[in-house]
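Here's a quick tour of a protein model, going from one short stretch out to the whole chain. Keep the viewer open and follow along.

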Amino acid sequence: MPGLIRQLRTEPGAAALLVLVTLIALLWANSPLSETYATVREQSAGFDLGPFGLHMDLQHWINDGLMAVFFFVIGLEVRQEFTHGSLRDNRRARLALIAGIAGVGVPAVVYLGVVGEGAELGGWGVVVGTDTAFMLGALALVGPAMSGQLRVFLLTVTVVDDFLAVSIIGVVYSDEIRLVPLAVALGCLGVLALLGHCRQWRAAPYLVVVAALWCATVSSGIHASLAGMAAGLLVPAYPTERKTVVAARESFRDYWQSPNPHSARIVKRWLARGTSINERLHNVLRLPTALVVVPVFALANAGVDLRGGLLFKALNSQVTWAVVLGLVVGKTLGIGLATYLTTRLGLGRPPEGVGPGSAFGGAALSGIGFTVSLLIVQLAFGADSDLGREATVGVLMAMVLSTLLGWGIFRVAAVRWGETSADLPRTLEPAVDPDVDHIRGSESAPLTLVEYLDYECPFCARATGMWQDMHAHFRDDLRYVVRNLPLEDVHPHSWQAALAAEAAARQGAFWPMHDLLFAHQDALERQDLVRYAEQLGLDMARFTTDLDSDQVAARVRRDATSAALSGARGTPTFFVQGHRHSGPHDARTLIAALEDNRRGTRTQEPSDYAR
């Protein structure tokens, strides 16, 4: 059982669960028990709270309630991407925006071109969305062996895609608007914005307001998915600040020395404040959304009764083929061509390692509309109408065909253009050279840990004390190597600090200077660097000359170049036995990774929904 749960937490496992639930829904709807399928969905449930009451059938609770949670999680992800993710880069954000708009517009045009006129026109929204969970699961199954950067690219595109899809649901497919509940919903959004502006770190105020927002939105006639997305966008995300981590450490020290309820509460408070409320909510909701919300939605909406000649009728239906062509052809051409043209014209750039073949393969997988598409089928046609069932057949066909098309494009890209990977490099380049690199520990030690660092980075190994824990565990069996990766765009003093460390190295004092720089991260002006050199007793004339020399600058650039060649883009980045480490980088995790290498059991970490 633990192994099964661990597998379900991965993206391929979650996708397999969705396929299984979809098949169960289809079998149920086409079995002798098919009447119970409809009966269960039509069961009424609700509540009354004073003058306010809300009653809906089970299918509406799922589509308007659980799916609001799904879109809330998407909103949280969008806010993270804009705050400290891929969408902070203007050129990548521009490419995601253009590709996302094309990925909505081109499929809609294809759909409208196929159906021509009539009642089918109302279903154009069916082809605009992408099921992120299904798409990422398919990518893990049929994509390149290493596709981390392609995954990032597709996520940024689907961020735009899903935002537009939810906006279309809210504007086009909502019921008659009631103004008083709408005003209450807008007021709730204002309160959420105020909470974010005040950096409220407790979860309870956000959850209470989001619940009120959902109730008001449902009562207003606007589809609740729009409320979910808007709420997620307003929950603040921000990088972890060093001062809050230090405060959490000090409060835990108090608890360690005198365990009591008061100090435990203080520890819990600082731990919560150390991570943004956005990331904490996302961490709690992402796994149940992937393994409960989306599968329950699939069970309630994918059950199409194919008996009575429906399948034959669907295969001869304009709306079925409009959905298939819109999702499979429209998404592939819309996202693929937009990405190619935007890149060629210099208007944007994809993540490193993502070639045109990989981009087109990912665009094909974006034709897996499933969740969003089935939701809009229900809103546009009604799930039990003839058009609704034909459109549902089209969504299911598109899911299979998009996966096969993506697989074919990836195979062609690998053979014709050598695109066997769509990720950053994972191997250390160049290898450790004792004559060039800075090594702490025995040069002949059997284990090697390399860290790319920035002297203003608050979470590098020397700043956190992690190296001491590593050394205490491995002693002479570990050599620790550091290379410079100054991130001047976020740490303005990092370049000068790296020069100071390399200038000191020319007098055999790299490690003493290294330790001083990390001990005084808040004082890295030039005069501070000179003062540290004086404390170390260095030849000051030589130090200041080296500080400005081209040779020392070239040494720092060498490390930065090796970082680019090795796939290191931020600090700290660790390499365990020459392989880039991903995931947590605390001492316990890195010790386990090194011990796995010593035993010869190194494994590649799976993409995990719980991370």
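In this predicted model, helix 24 runs over residues 540-547 and has Phe543, Asp546 and Leu547 buried. Look down the helix axis and those buried residues sit within an arc of 105°, so they line one face of the helix. That fits the usual geometry: an α-helix has 3.6 residues a turn, so residues three or four places apart point the same way. Flip to the face turned away from the buried side and you'll find Ala541 and Thr545, both exposed.

What covers the buried residues of helix 24? The cover includes helix 21 (494-505), helix 22 (510-519), helix 23 (526-535) and helix 25 (550-566).

Two side chains in this model reach backbone atoms, one at the helix 24 cap and one in helix 15:

| Side chain | Backbone partner | Distance |
|---|---|---|
| Aspartate 539 (oxygen) | nitrogen of alanine 541 | 3.2 Å |
| Threonine 332 | oxygen of valine 328 | 2.6 Å |

The aspartate 539 contact caps the N-terminal end of helix 24. Threonine 332 belongs to helix 15 (residues 318-344) and, at 7% relative accessibility, counts as buried. Leaving out residues up to four places away in sequence, threonine 332 touches Leu327, Leu337, Phe360, Ala363, Ala364, Leu405 and Ile409.

Now zoom out. The protein chain has 26 helices and 7 strands. Its radius of gyration is 28 Å, close to the 25 Å the globule rule gives for 611 residues, so the chain is as compact as a globular protein of that length. Of those 611 residues, 51% count as buried.

Note on methods:
Residues numbered from 1 in each chain as written. Predicted model: local features only at pLDDT ≥ 70, side-chain atom pairs only at ≥ 80, totals over all residues. Heavy atoms only, no water. Helix = DSSP H or I, 4+ residues; strand = E, 2+ residues; numbered from the N terminus. Buried < 20%, exposed > 50% of the residue type's maximum accessible area, 1.4 Å probe, protein only. Polar contact = N/O pair within 3.5 Å; in protein donor to acceptor, adjacent residues only side chain to side chain. Contact = heavy atoms within 4.5 Å. Arc of directions from axis to C-beta. Rg over C-alpha atoms; globule rule 2.2 N^0.38 Å.
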